[in-house]
Amino acid sequence: MKNINFRNDFLSDYNFTIIGSGAFGTAVANFLVSKNDNVIIYGIDEKEISDIQNNHKNTKYFESIKLKAKLKATTDIKRALQDADIILIAIPSHSFRDVLRKNILPNMKKPAYFVNLAKGLDYLEIKFLNQIIEEEIPQKMNLGVLKLSGPSFAKELVEEEPTKFVLACKDIEIANNLKKYFETEYTKIVTSNAIVGIEALSVIKNSLAILLGIVNGLGYGMNSRAYIFTESLEEMKKIVKLYGFDENIIFLPAGVGDLYLTGNSKKSRNFSVGYKIGKANKVNKKILNSFVTIEGLRSIEIIFSLAIKKGIKLNLFNLLYNITYKNIRPSEVMDQFFKGIDK
Ligand SMILES: NC(=O)C1=CN([C@@H]2O[C@H](COP(=O)(O)OP(=O)(O)OC[C@H]3O[C@@H](n4cnc5c(N)ncnc54)[C@H](OP(=O)(O)O)[C@@H]3O)[C@@H](O)[C@H]2O)C=CC1
Ligand SMILES: O=C(CO)COP(=O)(O)O
């Protein structure tokens with residue numbers, strides 16, 4: 001086990017740097033700063049960074065909601081990382097490796113912990129994002145890789161809605177020791193060592209939320225939606241077992257909780273894109289392009305192929321694949337599924 005000296009004397013001792021000034025990066029930074037003095041956001045959009053730094057708002061995502069005045073923001077990556085002890089990454093998955101390699105590592109001044117906030121994959125190499133951090137950051141600069149995940153709409157977090165997360169790390173001692181820095185009056189943390197399982201859950205819940213959106217958009221009632229929700233839990237279990245984890249990890253906040261949240265609300269981008277597909281009863285480019293960070297869509301083909309390769313049956317990913325890749329009418333796909341006809 002690593003020899004780690006955790007600082008227990010006072011809570012504001014760690015310097016937090018959030019990479020990405022979008023909805024979730026801002027929301028997480030805003031709750032961290034209520035417990036820790038030194039929290040800085042790095043972003044690439046001058047206007048957004050100035051809005052956070054000078055107006056204490058991120059108008060693009062949260063209209064007039066006030067952020068904590070103590071929260072700092074910069075477009076200067078060197079400044080953002082100069083004192084960083086804990087680096088949280090909240091950018092879309094497709095830029096993940098590039099940002100670690102080109103922006104983060106060359107500007108680090110000392111070793112740090114890394115916390116992944118994104119819920120996607122490296123779509124080029126088909127790897128989980130915790131692995132991308134391990135590959136890009138050499139051990140001498142990497143104190144530990146963690147994942148923070150759970151049912152947490154960014155907007156509700158800045159509104160201080162009570163929210164529960166799981167903080168996962170292969171070395172549970174690291175997660176247990178860092179947990180207190182993430183707990184505030186409205187954020188609670190459970191810890192887990194099943195980081196790969198948690199990465200997998202956050203990826204698949206996005207795709208399953210799309211399917212729940214489709215079913216909703218097609219006009220099915222609560223019985224059918226609950227039917228698909230229950231099947232979704234079965235598929236979550238199969239996938240975490242495939243990665244060698246106990247199926248009960250689906251009961252951590254990143255599993256059932258996040259599926260409940262994203263699979264039932266138009267506040268979710270994944271659910272909303274599904275809803276539009278269901279309403280239109282077809283997939284068209286306009287629908288797909290109207291959302292920016294729809295990670296669940298990109299994961300469908302990957303999980304569909306993984307299931308074939310590993311010989312496991314994932315009925316719901318078959319349905320998603322038929323709708324989004326084979327362009328079969330959603331109403332036809334769902335009707336056949338409910339009638340028990342295998343396609
Ligand atoms: N929104 C939510 O409620 C939640 C989101 N998440 C996850 O967090 C991740 C981020 O989502 P979210 O914040 O909503 O997405 P957003 O689209 O709101 O924000 C992403 C941010 O990353 C920035 N960005 C893109 N490329 C780079 C780069 N190369 N360097 C620095 N910044 C970059 C974008 O800048 P620009 O806009 O200028 O391109 C934008 O500010 C996703 O994986 C999502 O699943 C997790 C839980 C909740
Ligand atoms: O993951 C989320 C909340 O936990 C947000 O989901 P969307 O990306 O679908 O908006």
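S21 sits in the loop that runs between β1 and α1. In this predicted model, S21 is buried because 25 other C-beta atoms lie within 10 Å, and a residue needs 20 or more to count as such. The points below start from that loop, move on to a second listed site, and then turn to the two domains and the core.

**The loop after β1**

- G20 is also found in the loop between β1 (15–19) and α1 (23–32).
- Is G20 buried or exposed? G20 counts as buried because it has 23 C-beta neighbours inside 10 Å.
- Not counting residues up to four places away in sequence, S21 touches T26, I41, G43, D45, E48, I49, I52 and A73.
- With neighbours within four places in sequence left aside, the contacts of G20 are G25, G43, I89, A90 and I91.
- G43 thus appears in the contacts of S21 and in those of G20.
- In an unreviewed UniProt entry, G20, S21, G22, A23, F24, G25, A154 and R269 are listed under "binding site".

**A second listed site**

- The unreviewed UniProt entry also lists K119, R269 and N270 for "binding site".
- How far apart are these residues in space, given that they are spread over 152 residues of sequence? They cluster, with a largest C-alpha distance of 12.5 Å.
- R269 is named in this listing and in the one that holds G20 and S21.
- K119 has its place in the loop between β5 (112–116) and β6 (121–122), whereas N270 belongs to helix α12 (residues 269–280).
- K119 counts as buried, since it has 27 C-beta neighbours inside 10 Å.
- N270 is buried as well, with 26 other C-beta atoms within 10 Å.
- Beyond its neighbours within four places in sequence, K119 is in contact with S149, S202, V203, N206 and E295.
- On the same basis, N270 is in contact with N206, A209, I210, G213, T262, I294 and G296.
- N206 is therefore a contact of both K119 and N270.

**Two domains and where they meet**

- The domain assignment divides the protein chain into domain 1 (12–193) and domain 2 (197–338).
- Taken over C-alpha atoms, the centres of domain 1 and domain 2 are separated by 26 Å.
- Domain 1 brings 22 residues to the contact, and domain 2 brings 20 residues.
- Which elements each supply at least two residues of the side of domain 1 that touches domain 2? They are α6 (129–136), β8 (142–149), β9 (163–169) and β10 (187–192).
- β9 gives the most to that side of domain 1, with four residues.
- By type, the residues on the side of domain 1 that touches domain 2 are twelve nonpolar, six polar and four charged.

**The largest nonpolar core**

- In soluble globular proteins, nonpolar side chains tend to be buried together.
- Here, the largest nonpolar core has 109 residues, and L88 and L146 are those with the most contacts inside it.
- Helix α9 (residues 195–217) contributes the most to this core, with 13 residues.
- Both domains take part: the core draws at least three residues from each of domain 1 (12–193) and domain 2 (197–338).
- What does L146 touch, not counting residues up to four places away in sequence? L146 touches Y113, F114, V115, L167, A168, C169, I174, A175 and L178.

Technical notes
Residues are numbered from 1 along each chain as its sequence is written. Chains are lettered from A and ligands numbered from 1 in the order in which they are written. This is a predicted model: local features need pLDDT of at least 70, side-chain atom pairs count only at pLDDT 80 or more; totals for chains, interfaces and linings use all residues. A nonpolar core is a set of buried Ala, Val, Leu, Ile, Met, Phe, Trp, Tyr and Cys residues joined through C-beta atoms within 7 Å. A residue is buried if 20 or more other C-beta atoms lie within 10 Å of its own, exposed if 12 or fewer, and partly exposed in between; C-beta atoms are placed from the backbone. Domain bounds come from an automatic or database domain assignment. Two residues are in contact if their C-beta atoms, placed from the backbone, lie within 7 Å. UniProt positions are given in the numbering used here, feature names are shortened, and annotations may be inferred rather than shown by experiment. Ala, Val, Leu, Ile, Met, Phe, Trp, Tyr, Cys and Pro count as nonpolar, Asp, Glu, Lys and Arg as charged, and the others, Gly among them, as polar.
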